[in-house]
Amino acid sequence: MTRRALRLVAVTWWLQLRMMHRSAFDGVMQLVWPMFFATTALLIYRVGGDPDALTYAALGASVMTIWTAISSSASAILRRERGFGTLELLVAAPAPFALSVASIVLAVSTVGGYAIVATLLWARLVFGAHIAPDQPAVFALALLVTAAAFAVLGFLLSVTVVRYRTVWALGGALEFPVWLLCGFLVPVALLPAWVRGLSWLLPPTWGMRAVRAASAGQPAWADLAACAGIAAAYCVASAWLAGAVLRSARRHGTLSLS
Amino acid sequence: MAAVEVDRLRRDYRQRAGLSGRRRPAVEAVRGISFGIEPGETYGLLGPNGAGKTTVIKVLTTLLLPTAGTARVLGHDVASRPAEVRRRIGYVFGGDRGLYDRLSAFDNLRYFAELYAVPAREQRRRIGYLLDLVDLADRQRDRVEGFSRGMRQRLHIARGLLHDPPVLFLDEPSIGLDPVAARTLRTTIADLAAAGRTILLTTHYMYEADELCDRISIIRGGSIVAEGTPAGLKAGVGAGSVLEVSGRGVPAGTVELIRGLPGVCSVTVEERAGGQVLLVRTEPATQLTARILGCLDDRQIGTVAVRAPTLEDAYVELVGDQGAA
């Protein structure tokens, strides 16, 4: 069973990437679009002339780009499947629906993974940001775990589209609030107290803290564990939600509506 | 045990009206229908658009929950045991959708083979066999976006057969196909039936149902109005023969006059390119040709033919005006 599930994830991931790769326009947009936001942030922070601030912005922008990539496409995944007429086939297949959706989100997140690396290189080479993590291995792991946390958020967004057709638009609407809430460009400590409560509930907030800590040579494991733990809870909740919204969609007859 | 058992199945659709959330009256798509399909049988569901055919198929393929009643496939309840049902059924629908256009035919099947848990070591052989079966082996590496409607439909059939399901649901599989492609598809379906698969077929094409189905239900407004073999349905329409008169400019009053003749069961007028076709169904053992033609002006008559009732005649009589919905 586990082997079969892994095969499904691998084949879905590969074929979804192939589909993205085959549309030149989509492919270029996926690669270039996140860079616009990162560049804007770097240009703003460069004005102050503070190298530490530029590094702060570079790290934040790199994580920001993966959210940009995931939020715009993860919530549109099932809308696209509806458009193709394949959503009903995914549901009618014996494979667990949540696993099928998670596999597709993973492919989207892979493109987002590229965005992290590209943004760090962009910040280093074009803006001269100082990016030399004191703990490179922990830094890389923190980026990976944060990317996975974003993928889980994308999974959560995408499954809700099964029942509520217009939720796909929420992905775009959540893009900027999450930048703020998770402390990508502005420290969470500067946010109002009631907003900080929301920030701590989002796994990328902890991932961002871990990335910054690993970069500065400070202890990062607690933040990393918090990020992984909360993301795991989101994952379980999303998998449950996938089953619940599917039952609801079968009851209300919304699967084939586009 | 029947392969498919539907018992007093009802399915309503409730809709909310915009932001107010106010509920509109529920639409009763299926109103308590019952039927059974024996293993190896090809069963047809015929009816006008909106009659409830696709809703029945969606309930049986676990995509919709019944509002009331039960439906079972090979003994498994579609509402409470969907996973068991999904392993045992193939679902094929007509039209352009349901495939990944940017992937090749082979990659489409490879993906669905994973979704349908076809063992890894069997996938390549199974996909190769099915591509041969649907005559797409030489196009397997081409992207689906360049396929014709007929090729797509054949690929759909291959997809539906990947996990070798004993029960197949075919929802208007030949819709939009050209005559040659439709004939090829009918041959494929007939071969599948001959191989012992249980098939539920919905179609608008009467000759297709007549040729393929062992039994047929005619559904109208969510209820079954007739069920039987194609021959039984034809015999049950009450018409001994059908007089087909092609012509033009037949006034409504003349149609009513013919309808009122003793021995006439029903009269329909079909508008076709360049004229009309008057279809007069008459009771058995009646000779009404001369009297019917006597009602018509010579200038209104083209060709005249007398033939036995077809399944389409039975369908039109049973479905009535809704058939044009």
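Helix α9 (residues 203-216) of chain A and helix α10 (residues 221-252) of chain A are a good place to start: their axes come within 8 Å and cross at roughly 155 degrees. Axes here are lines fitted to C-alpha atoms, for helices over the stretch in contact, and angles run from 0 to 180 degrees between N-to-C directions. The helices themselves are DSSP runs of H or I with at least four residues, strands are runs of E with at least two, and both are numbered from the N terminus. α9(A) and α10(A) are therefore roughly antiparallel to each other, a label for angles over 145 degrees, whereas those under 35 count as roughly parallel, 65 to 115 as roughly perpendicular and the rest as oblique.

Before going on, please keep in mind that this is a predicted model, in which local features need pLDDT of at least 70 and side-chain atom pairs count only at pLDDT 80 or more, while totals for chains, interfaces and linings use all residues. Residues are numbered from 1 along each chain as its sequence is written, and chains are lettered from A and ligands numbered from 1 in the order in which they are written.

Back to the helix pair. α9(A) passes α10(A) in a left-handed crossing, meaning that the near helix is turned anticlockwise from the far one by less than a right angle; a clockwise turn would be right-handed. From α9(A), A:Pro203, A:Trp206, A:Gly207, A:Arg209, A:Ala210 and A:Ala213 meet a set in α10(A) that includes A:Asp223, A:Leu224, A:Ala226 and A:Tyr234. Contact means that the C-beta atoms of two residues, placed from the backbone, lie within 7 Å. By class, this contact of α9(A) with α10(A) has ten nonpolar, one polar and two charged residues. In that scheme Ala, Val, Leu, Ile, Met, Phe, Trp, Tyr, Cys and Pro are nonpolar, Asp, Glu, Lys and Arg are charged, and the others, Gly among them, are polar.

In the loop between α9 and α10 of chain A you will find A:Gln218. A:Gln218 counts as partly exposed, with 14 C-beta neighbours inside 10 Å. The scale runs from buried (20 or more other C-beta atoms within 10 Å of the residue's own) to exposed (12 or fewer), with partly exposed in between and C-beta atoms placed from the backbone. A:Gln218 and A:Leu170 are 48 residues apart in sequence and, C-alpha to C-alpha, 36 Å apart in space.

Now turn to chain B. Its secondary structure comes to eleven helices and 16 strands, and its C-alpha atoms fill a box of roughly 70 × 50 × 45 Å along the principal axes. Of the 325 residues of chain B, 42% count as buried. Among contacts in chain B with a separation of 6 or more, 70% are between residues 24 or more positions apart. The domain assignment, which is automatic or from a database, gives domain 1 (4-234) and domain 2 (238-308). The centres of these two domains, taken over C-alpha atoms, are separated by 38 Å.

Where do the chains touch? The contact takes 23 residues from chain B and 26 residues from chain A. On the side of chain B, the elements that give two or more residues are α2 (82-88) and α3, and α3(B) gives the most, with five residues. By class, that side has 13 nonpolar, three polar and seven charged residues.

Helix α3 (residues 105-115) of chain B is mostly covered, with nine of its eleven residues buried; among them are B:Ala105, B:Leu109, B:Phe112 and B:Leu115. The cover includes α1 (2-21), α4 (87-92) and α5 (97-125) of chain A, together with α4 (120-133) and α5 (149-161) of chain B.

One of these partners can be followed across the interface. The axes of α1(A) and α3(B) come within 9 Å and cross at roughly 155 degrees, which makes α1(A) roughly antiparallel to α3(B). The crossing is left-handed. A:Arg7, A:Leu8, A:Val11, A:Thr12 and A:Leu15 in α1(A) meet B:Asp107, B:Arg110, B:Tyr111 and B:Glu114 in α3(B), a contact with four nonpolar, one polar and four charged residues.

Just after α3(B), B:Ala117 takes a positive phi of about 55 degrees, although it is not a glycine. B:Ala117 is found in the loop between α3 and α4 of chain B and is partly exposed, with 19 other C-beta atoms within 10 Å.
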